[in-house]
Amino acid sequence: MVQVRPEADFSNEAAFLDIATLSDEESMIKSAAHSVAKDVIRPASIALDRMNAKDRILPESPYFYAISKLRSLGYHRMFLPGHYLDDGDQVSPLAKAIFLEELGWGSLGIATSFGVDVLTFSLVAMFGSDELKAELLDPWINDSEGRFHGCWGATEPIHGSDGIMALRDLGSTNFGKWQVTARADGSDWIISGQKSAWVSSAPIASHCVLHAQNSQSDGPAHGMLFIVDLSSPGVSIGPPIDMLGVRDDPQGEIFFDEVRVPGRCLLVADSPFYPIFVDQLLCTTSVNIANIATGVARACLEEALSYATKRVQGGVAISEHKNIQLTLYSMFEKVETSRSYARQMLRYTDRFTEVEASNSQSNLGFAIGPLAFSSPRHCRSSQIYAKRVAFEVANDALQVIGAMGLSDDSLIQKLFRDARSLWIEDGTLEVLALDAARNLIGNYDKYEYDPQEVAQKW
Ligand SMILES: Cc1cc2nc3c(=O)[nH]c(=O)nc-3n(C[C@H](O)[C@H](O)[C@H](O)COP(=O)(O)OP(=O)(O)OC[C@H]3O[C@@H](n4cnc5c(N)ncnc54)[C@H](O)[C@@H]3O)c2cc1C
């Protein structure tokens, strides 16, 4: 007897009921972003997932089509510090959260690529000199093709979780030094060393925001942040690698062999501000990932919901069975709470971007003004929660869909692999939780971060 296979692509187009009160602009962004995610990002992401790593970065790859589409629509500008934007480009934190969720719904990899790109050039906006902004930021803002693309060089072959765990161990030298070092040579810096093979978008990036060790100091707390042009002599990029998930964004290692970098490319110096800056940077990336992960979770819920009403077993659609109903409810509950927390934390953290930007002139020295900071434990917690939910919901969706979900051409199989990768990308769940716990213990009653305390320990 011939078995009839249900449609492999059972994505549903229905919008979810959003309980937030959205302004006209937020509604417009939501609808436009969903269209791009559905019509451009998700199809590109499915095609990329099935390609080999080398083909993914060929000029005709759907990756570049997706990236240039996002660029041409100007979404990258929404994430620059407010003072850098024309009134027309400024959007609310809720609009940013909505956009990131839609992007995550379309593709975790392309959302990651977008995230590291925006991060790179936002840091130039926040900490770069006027000369550097004219050289790099303005062309990036107006680049509608994706010729300028950033990546974030933090982890190294011998330093993965260390980058996060060292933040609250400022005096400790247990972690050793960053492998990538920078030594002063007149007004320039000479950079050598290697970043890990997991640097998102590295194989296609034009620039990297790079964490490096001051060669004169010990320990990751004495890091520095540079923006490096990846076409500089001495830079080489490893081949794109194949991973279980997030195959729709190329990852690769970056090697630096005595790379000369002009002094103006130093964004954050080896100073008491550096560990605070990294801590706060992880707040921003945490809340962004929380919203993206919510999109991944929602995509899984929608796949399961749609399939459950079509698949007939026991003479009825499986959505009629109580076990499937309870599973779908539990998935829904998780997606809703993840969205709520992620949106709240993005709104909370967004206001600190301006504060950090206003500190941009003081970070090269020792002066740290009376700054307000975001709360690391809350931001990490929203990231951890959303990542945990994304994988749990993906796992449940796979169970609802059954063997069809395990097949190569099913979207849920890809979403499941992506959701699993989230437990490692941008910090493992355990290490993020340990970091949040250390920020919590002995600090429960403190809303703000105490820069003087950091300066004393530094
Ligand atoms: C899809 C993807 C994209 C990525 N993109 C980037 C990027 O753009 N830029 C970049 O720099 N990096 C990137 N990474 C790297 C990522 O940040 C690291 O993989 C992550 O921080 C974990 O480091 P690791 O893989 O070296 O694991 P390890 O640090 O070796 O950890 C291995 C295990 O040991 C545990 N562990 C480690 N240290 C401790 C500790 N002190 N206490 C308790 N448990 C510990 C961990 O929880 C984990 O279970 C990416 C990774 C992935 C998967």
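The exercises below work through a predicted model of a protein chain with a ligand, and each task is followed by its solution.

**Exercise 1. Domains and their contact**

Task: State which domains the chain is assigned, and describe the side of domain 2 that touches domain 3 by its elements and by its residue classes.

Solution. The starting point is the domain assignment, which gives domain 1 (24–148), domain 2 (151–268) and domain 3 (273–457). For the pair in question, the C-alpha centres of domain 2 and domain 3 lie 25 Å apart, and their contact draws on 15 residues from domain 2 and 22 residues from domain 3. On the side of domain 2 that touches domain 3, the elements that contribute two or more residues are helix H7 (162–165) and strand E5 (223–229). Sorted by class, that side of domain 2 holds ten nonpolar, four polar and one charged residues.

**Exercise 2. The span and burial of helix H4**

Task: Check whether the end-to-end distance of helix H4 agrees or disagrees with the span expected from its residues, and decide how far the helix is enclosed.

Solution. Helix H4 covers residues 93–106, which is 14 residues, and at 1.5 Å a residue the expected span is 20 Å. The end C-alpha atoms of H4 are 20 Å apart, so the distance agrees with the expectation. As for burial, 13 of the 14 residues of H4 are buried, and the helix is therefore largely enclosed by the rest of the structure.

**Exercise 3. Strand pairing around E3 and E5**

Task: Trace the partners of strand E3 and of strand E5, giving for each pairing the number of bridges and the direction.

Solution. Begin with strand E3 (residues 188–200), which is joined by five bridges to strand E2 (residues 181–185) in an antiparallel arrangement. Within this pairing Ala184 stands opposite Trp189 in E3, and in the hairpin of E2 and E3, where two residues lie between the strands, Gly186 takes a positive phi near 65°. E3 is also joined to strand E7 (residues 251–261) by eight bridges, again running antiparallel, and here Ser200 has Gln251 of E7 as its bridge partner.

Turn next to E5, which is joined to E4 by seven bridges in the antiparallel sense, with His207 opposite Asp229 in E5. E5 also pairs with strand E8 (residues 266–268), antiparallel and over two bridges, and in that pairing Phe226 stands opposite Leu266 in E8. Strand E5 is mostly covered, since six of its seven residues are buried.

**Exercise 4. The shell around the ligand**

Task: Characterise the residues around the ligand by proximity, by element, by class and by domain.

Solution. There are 23 residues around the ligand, of which Ala154, Gly160, Ser161, Ser200 and Thr428 come nearest. The elements that supply two or more residues to this shell are strand E1 (150–153), E3 and helix H14 (429–440), and E3 gives the most, with four residues. By class, the shell divides into ten nonpolar, ten polar and three charged residues. By domain, at least three residues come from each of domain 2 (151–268) and domain 3 (273–457). Ser200 thus appears twice in these exercises, once among the residues that come nearest to the ligand and once as the bridge partner of Gln251 in E7.

**Exercise 5. Two positive phi angles outside glycine**

Task: Say where Ser201 and Glu258 are placed, and decide for each whether the residue is buried or exposed.

Solution. The background is that most residues other than glycine have a negative phi. Ser201 nevertheless has a positive phi of about 70° although it is not a glycine, and Glu258 likewise has a positive phi of about 50° without being a glycine. Ser201 is found in the loop between E3 and strand E4 (207–214), whereas Glu258 has its place in strand E7. To judge burial, count the C-beta atoms within 10 Å, where 20 or more makes a residue buried and 12 or fewer makes it exposed. Ser201 has 29 other C-beta atoms within 10 Å and is therefore buried, while Glu258, with 11 C-beta neighbours inside 10 Å, counts as exposed.

Note on methods: Residues are numbered from 1 along each chain as its sequence is written. This is a predicted model: local features need pLDDT of at least 70, side-chain atom pairs count only at pLDDT 80 or more; totals for chains, interfaces and linings use all residues. Domain bounds come from an automatic or database domain assignment. Two residues are in contact if their C-beta atoms, placed from the backbone, lie within 7 Å. Ala, Val, Leu, Ile, Met, Phe, Trp, Tyr, Cys and Pro count as nonpolar, Asp, Glu, Lys and Arg as charged, and the others, Gly among them, as polar. The expected span of a helix is 1.5 Å times one less than its number of residues. Two strands pair if DSSP finds at least two bridges between them. A residue is near a molecule or strand if its C-beta atom, placed from the backbone, lies within 6 Å of it.
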